[in-house]
Amino acid sequence: MNKIFVNQVGFIPDSKKKAVLNFKAEEFQVIDGNGNTVFKGEVSHFGTDEISGEDTYIADFSHVTNQGKYKIVANDVSSASFFVGDNAFDKLMKDVCKCFYYLRCGHGLDKKYAGKYYHEPCHVSKATVYGEDVPPVDVCGGWHDAGDFGRYSTAGAVAVAHLLYAVRFFPKLLEVEFDIPKSNLPDILDEVKVELDFLMKMQREDGSVWHKVTTFSHAPFIMPEDDKEELFLFNVSSLATADIAAVFALANTVYGAYDKEYAKLLLERSLKAYKWLEASNDAVLFKNAEGSNTGEYPENEDYSNRFWAAAALYEVTGEKKYYQDALKQKPLIEAYDKGDAFKEYTGNIFTCFGWADVAGLGALSLILKDEVSELYEFVKQALIEEANRLVRNASENGFGLCMKKENFIWGSNMELLKYLMVLTVANKLEPKAEFVNTLTAGLNYLLGCNSMDVSYVTGNGEKAFKNPHLRPTFAAKLDAWPGLVSGGPNTGLQDERARELPNDTAPMKCYIDHVDCYSLNEITIYWNSPLVFVLAGMM
């Protein structure tokens with residue numbers, strides 16, 4: 001079928017604006033909301049690429065800068081509509097931020113703020129410490145992690161980190177209001193505090209941190225308050241402990257301007273976790289209890305987590321001890337031994353911003369420290385070199401997408417958003433039009449300029465996906481609330497319905513908008529949080 005793929009949300013007036021056609025046309029027109037042609041242009045042929053499988057043609061309408069609603073027409077084929085204007089992403093930003101409120105666990109959601117998505121208090125009972133004969137523990141609060149009702153320390157810490165690093169790099173995020181219960185804090189800090197308070201409850205007296213709190217098995221598709229199964233706190237891990245040490249240190253740098261006592265408590269908790277890490281040099285990894293099927297969040301090592309913790313505490317305290325601890329982590333030692341100025345790791349270890357590898361988050365703390373050092377110079381160069389690699393990737397397909405076919409894994413949209421974070425930070429360090437254009441093309445892809453012709457953010461775009469793998473909305477028989485980011489196309493096709501797709505499906509087309517598709521269409525807090533970072537950078 002002939003289609004014109006375009007960002008269905010909109011464009012900032014001075015940005016590059018492109019649509020992609022999967023059919024041959026000589027010219028295209030930009031039509032405004034009154035049916036008038038405001039621009040005509042020639043269509044250029046790009047060719048076929050392996051990630052989309054489309055023979056692509058490009059319509060560049062960057063000259064359209066006047067505020068308004070438009071669509072692209074070529075050969076009597078029309079695109080979805082989109083908006084051009086300085087406030088093109090205002091609604092999107094508010095929606096993406098408010099998703100965390102809708103995912104709150106504990107004391108329920110107020111109809112005043114949640115509307116039809118409200119729910120009663122849930123998961124308020126104390127949790128049994130699995131395998132230990134100790135009293136149950138109050139860990140009420142925080143955010144449900146994803147389509148399930150689990151709460152996970154490493155995942156939660158990373159989502160909080162994306163949001164707080166966004167505040168640090170782009171303070172205008174503090175001005176965004178998205179209709180949640182108010183305190184004396186900006187909305188984004190009010191919402192993040194919900195998760196920080198929960199993560200404090202996940203820390204034991206000795207400073208270590210439980211890896212997760214869930215029921216033993218995933219709940220069926222019921223409302224949160226109907227999930228009455230016993231809650232379990234599962235083993236301590238050095239992964240969770242290091243991540244919490246890092247994110248509490250980061251939070252101290254933000255909350256001190258509003259509540260000095262709370263900021264002091266965060267730093268005390270960070271140092272307590274770090275002290276436990278120092279006493280436990282060996283990695284304490286995590287594996288699910290036998291028979292349990294809730295999220296595992298396993299990692300093969302903890303040196304990236306320890307690196308992040310050391311870098312974050314170095315930024316806060318300025319103590320050289322933490323800088324030296326960061327240098328001692330395995331990847332750095334190996335890079336030194338190879339005498340290659342760390343290049344072995346450029347583009348993977350120190351530019352990764354996901355839960356499975358958090359060294360890139362440590363790099364952000366070093367960038368914010370803004371102190372000339374060997375390690376600072378390295379992470380700065382690593383981010384810029386990775387951004388240049390992404391620009392090269394983007395030149396290889398008609399959609400200008402910075403991904404390769406091997407990046408279309410479970411949560412491919414987060415892979416993309418992590419790349420867009422790299423481009424955002426690199427552009428702040430060394431502004432380049434190529435970084436901005438590649439970043440814009442990536443956002444265009446997420447919002448509809450892809451071979452599925454779908455916006456991967458609920459409620460944003462004419463053809464936004466509607467059926468996330470998400471228990472509350474399915475149980476309540478409601479459309480999903482706006483602002484949720486889908487996991488996106490995944491060549492792994494790990495769920496039964498996904499396996500209905502042909503094996504030779506192009507990576508960009510390995511997607512089905514169906515609630516059963518947990519490997520393609522689930523949502524998570526840490527898929528939303530990098531989009532907040534990227535949008536904050538565009539503000």
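Over the ring of which residue does the charged end of K212 sit? In this predicted model, the charged end of K212 sits over the ring of F234, at 5.0 Å from the ring centre.

**View 1. Charges over aromatic rings, with K212 and K193 as the charged residues.** The ring beneath the charged end of K212 belongs to F234. K193 lies over the face of Y262, and the distance to the centre of that ring is 4.5 Å.

**View 2. The edge-to-face pair of F11 and F61.** The structure holds 34 aromatic pairs, one of them formed by F11 and F61 with 5.5 Å between centres and 85° between planes. F11 belongs to strand β2 (residues 10-11) and F61 to the loop between β6 (55-60) and β7 (68-74), so the contact ties together parts that are 50 residues apart in sequence. Both F11 and F61 are buried.

**View 3. The edge-to-face pair of F170 and F533.** The ring centres are 5.6 Å apart and the planes meet at 80°. This pair links distant parts of the chain, 363 residues apart: F170 is in the loop between α3 (153-169) and α4 (187-201), and F533 is in helix α16 (residues 525-538). F170 and F533 are both buried.

**View 4. An aromatic cluster that includes W481.** Four tyrosines, Y101, Y102, Y113 and Y117, form one cluster with W481.

**View 5. The salt bridge between E191 and R104.** The count of salt bridges comes to 23. In the bridge of E191 with R104, the closest N and O atoms are 2.7 Å apart. E191 lies in helix α4 and R104 in the loop between α1 (90-102) and α2 (111-114), a link between distant parts of the chain, 87 residues apart. Both E191 and R104 are buried.

**View 6. The salt bridge between R389 and E386 in helix α11.** The N to O distance is 2.8 Å. R389 and E386 are 3 residues apart in helix α11 (residues 374-394), so about one helical turn separates them. R389 has 26% relative accessibility and therefore counts as partly exposed, whereas E386, at 2%, counts as buried.

**View 7. The salt bridge between D453 and K463.** The closest N and O atoms of D453 and K463 are 2.5 Å apart. Both residues are in the loop between α13 (433-446) and α14 (471-475), 10 residues apart. D453 counts as buried because its relative accessibility is 5%, while K463, with a relative accessible area of 34%, is partly exposed.

**View 8. A salt-bridge network that includes E278.** Salt bridges with shared partners join E278, K321, D325 and K328 into one network.

Terms used. Residues are numbered from 1 along each chain as its sequence is written. This is a predicted model: local features need pLDDT of at least 70, side-chain atom pairs count only at pLDDT 80 or more; totals for chains, interfaces and linings use all residues. Side-chain values use heavy atoms; hydrogens and water are left out. Rings of Phe, Tyr and Trp (its six-membered ring) pair if their centres lie within 6.5 Å; planes under 30 degrees apart count as stacked, over 60 as edge-to-face and the rest as tilted. Helices (H or I, at least four residues) and strands (E, at least two) are DSSP runs, numbered from the N terminus. Buried means under 20% relative accessible area, exposed over 50%, partly exposed in between (1.4 Å probe, protein chains only). A charge sits over a ring if NZ of Lys or CZ of Arg is within 6 Å of the ring centre and within 35 degrees of the ring normal. A salt bridge is a side-chain nitrogen of Lys or Arg within 4 Å of a carboxyl oxygen of Asp or Glu.
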